[in-house]
Structures are given as C-alpha cells and as structure tokens.
Amino acid sequence: MAVEGNEDVKAMSFEQALDALEKIVDDLERGDVPLDQSIRIYERGEALKAHCDRLLKAAEDKVEKIRLSRDGKPAGTEPLDAE
C-alpha cells in the first residue's frame, strides 16, 4: 500500500473517511477510470478502510454497559460484550 499521498487520511473523522471510501467504490464500480488511476485510488481506499477500522475499534473499546444491582439500580459499568 502506498503511504505517500494518503497521509491526510489519518486526520479524517470516521464519517469523512467513510464518505471518501464510498466515492472510491463508486468510481471503481463505474469502470471508466484509467488503470493507473484505479490502482492509486484502490490503494487510497485500503488506507481509508484501515483508518475506519481503527476508529471503529477505538469507539467499540470505549463503549460500556451499565450493570444493575438486584433491585434494578445502577451498580457500576463493565465493558460491552463484543459478540
């Protein structure tokens, strides 16, 4: 994967990266992009996907669920089960 030209991806929000990735998918699906450009935008898409995966994993790690005591009152938090 080419690192040059994709440094801006690290500064994108999840939504920005997802929008850019969707545009790349649309461009590639249309099939009217020259081969050399297809390779470049595919590599950018890989960088965007990896960035989205990292941001999503970080968000999932922050999510917690509230534990309730026997009488139904909040008794603390615990990590959300990743099922």
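**Salt bridges in the predicted model**

A salt bridge joins the side chains of Lys10 and Glu7, with an N to O distance of 3.5 Å. The structure described here is a predicted model. Lys10 counts as exposed because its relative accessibility is 58%, and the cut-off for that class is over 50%. Glu7 has a relative accessibility of 42% and is therefore classed as partly exposed. In total, seven salt bridges are counted.

A further salt bridge is formed by Asp27 and Arg30, whose closest N and O atoms lie 3.0 Å apart. Both residues belong to helix 1, which spans residues 14-30. Asp27 and Arg30 are three residues apart in this helix, so about one helical turn separates them. With regard to solvent accessibility, Asp27 has a relative accessible area of 14% and is therefore buried, the limit for this class being under 20%. Arg30, in contrast, is classed as exposed, at 52% relative accessibility. The salt bridge between Asp27 and Arg30 thus pairs a buried residue with an exposed one.

Arg30 also forms a salt bridge with Asp32, and here the closest N and O atoms are 3.2 Å apart. Asp32 is exposed, with a relative accessible area of 53%. Arg30 therefore has salt bridges with Asp27 and with Asp32, and is itself exposed. These three residues are part of a network of salt bridges that links Lys23, Asp27, Arg30 and Asp32.

Conventions
Residues numbered from 1 in each chain as written. Predicted model: local features only at pLDDT ≥ 70, side-chain atom pairs only at ≥ 80, totals over all residues. Heavy atoms only, no water. Salt bridge = Lys/Arg side-chain N within 4 Å of Asp/Glu carboxyl O. Buried < 20%, exposed > 50% of the residue type's maximum accessible area, 1.4 Å probe, protein only. Helix = DSSP H or I, 4+ residues; strand = E, 2+ residues; numbered from the N terminus.
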